[in-house]
Amino acid sequence: MDGFYPVLPFESGMAIVLWIGSAIAIQSVTATTQPHLPAVIIGIMIGIAGWAAGIAKNGLRAAGIGNPERPFSEEVVASFQQNDTYITGAFALEQGLVFSAMILATMVVYIVERQFGKAAIWSLIAAALAWVGLIHSYQWTIGDTVIQLGWGVGAQWTIGYILVAIILFYVQWQHRSHL
């Protein structure tokens, strides 16, 4: 017996999950004050990017790519890019997407509230998580992209987050000098 299938067919379970997800998304948008809506949207977009990466990989597997004879590789990315689909961002956002969604949404909240120093601190937290691979870093397996953990594996993302933090600290300094 596989799970609840004899009692609840898979399709019915997925419909329930989609309904609950839709209800949560609607409530998060309607219960949020207008200035903070961008933070909610950013949080949702991270989840959508992760979903899109999963759909793309399932499509590749359905097309016969992602097996020992035709494994996933950088060539897959090149094929996407030739068709104007830059999938590496979705693959990166898929890794640690809960952390990424929370951190980026929090940064947007602080930016909206003009608390740029706090947003910068969250950017540094993201830099630390990226450095060790808890967000954005992935590696290829035969038929998937999976999180890549290790010291310095997310250096490119870390540099980006540090640059964002520097900009935000500068904006905070400028903001305070004009008060």
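A pocket, as the word is used here, is an open set of grid points where a 1.4 Å probe fits, with protein on both sides within 12 Å along at least five of seven lines, and a lining residue has an atom within 4 Å of one of those points. Keep that in mind, and remember as you turn the structure around that this is a predicted model.

With that settled, look at the largest pocket. Its lining takes in 14 residues, and the ones nearest the centre are Leu18, Gly21, Ser22, Gly47 and Ile48. Two elements give two or more residues to this lining, namely helix H1 (10-30) and helix H2 (37-62). H1 supplies the largest share, with eight residues. As for volume, the largest pocket comes to about 450 Å³.

Now step back to the whole chain. You'll count seven helices and two strands, and reading from the N terminus the order is α-α-α-α-α-α-β-β-α. So where do the strands sit? They come after six helices, with one more helix following them. The C-alpha trace spans about 65 × 40 × 30 Å along its principal axes. Of the 179 residues, 30% are buried. If you take contacts between residues at least 6 apart in sequence, 62% of them join residues at least 24 apart. The chain exposes about 11,200 Å², and 70% of that is supplied by carbon and sulfur atoms.

Back to helix H2, this time for its charges. Side chains of opposite charge can pair when their charged atoms come close. How many salt bridges turn up here? The count is two, and Lys57, Glu94 and Asp144 are linked by them in a network. Start with the pair of Glu94 and Lys57, whose closest N and O atoms are 2.7 Å apart. Glu94 belongs to helix H4 (residues 88-94) and Lys57 to helix H2, so this bridge ties together parts that are 37 residues apart in sequence. The other bridge joins Asp144 to Lys57, again with 2.7 Å from N to O. Asp144 is in the loop between strand E1 (138-140) and strand E2 (145-147), so its link to Lys57 in helix H2 ties together parts that are 87 residues apart in sequence.

Are these three residues buried or exposed? Lys57 has a relative accessible area of 2%, so it counts as buried. Glu94 counts as buried too, because its 19% relative accessibility falls under the 20% cut-off. Asp144, at 27%, is partly exposed.

Next, try Ser100, which is found in helix H5 (residues 97-112). Its relative accessibility is 1%, so Ser100 counts as buried. What does it touch, once neighbours within four places in sequence are left aside? Ser100 is in contact with Ile46, Gln95, Ile135 and His136.

Finally, the surface. A nonpolar patch there is formed by Ile121, Trp122, Leu124, Ile125, Ile159, Ile162, Leu163, Ile166 and Phe169, which together have about 770 Å² of accessible area. Helix H6 (116-131) and helix H7 (155-177) are the elements that give two or more residues to the patch. H7 gives the most, with five residues. One of the patch residues, Ile162, has its place in helix H7. At 36% relative accessibility, Ile162 counts as partly exposed, and it qualifies for the patch because residues there need over 30%.

Notes: Residues are numbered from 1 along each chain as its sequence is written. This is a predicted model: local features need pLDDT of at least 70, side-chain atom pairs count only at pLDDT 80 or more; totals for chains, interfaces and linings use all residues. Side-chain values use heavy atoms; hydrogens and water are left out. Patches are made of residues with over 30% relative accessible area and no salt bridge: like charges are joined within 9 Å, nonpolar side chains (Val, Leu, Ile, Met, Phe, Trp, Tyr) within 5 Å. Accessible areas come from the Shrake-Rupley method with a 1.4 Å probe; for residues, only the protein chains shown count as cover. A salt bridge is a side-chain nitrogen of Lys or Arg within 4 Å of a carboxyl oxygen of Asp or Glu. Helices (H or I, at least four residues) and strands (E, at least two) are DSSP runs, numbered from the N terminus. Buried means under 20% relative accessible area, exposed over 50%, partly exposed in between (1.4 Å probe, protein chains only). Contact means heavy atoms within 4.5 Å. On a 1 Å grid over the protein atoms alone, a cavity is a set of points where a 1.4 Å probe fits but cannot get out, and a pocket is an open set with protein on both sides within 12 Å along at least five of seven lines; lining residues have an atom within 4 Å of a point. Grid points are joined across faces, edges and corners, and a volume is the space filled by probe spheres set on the points.
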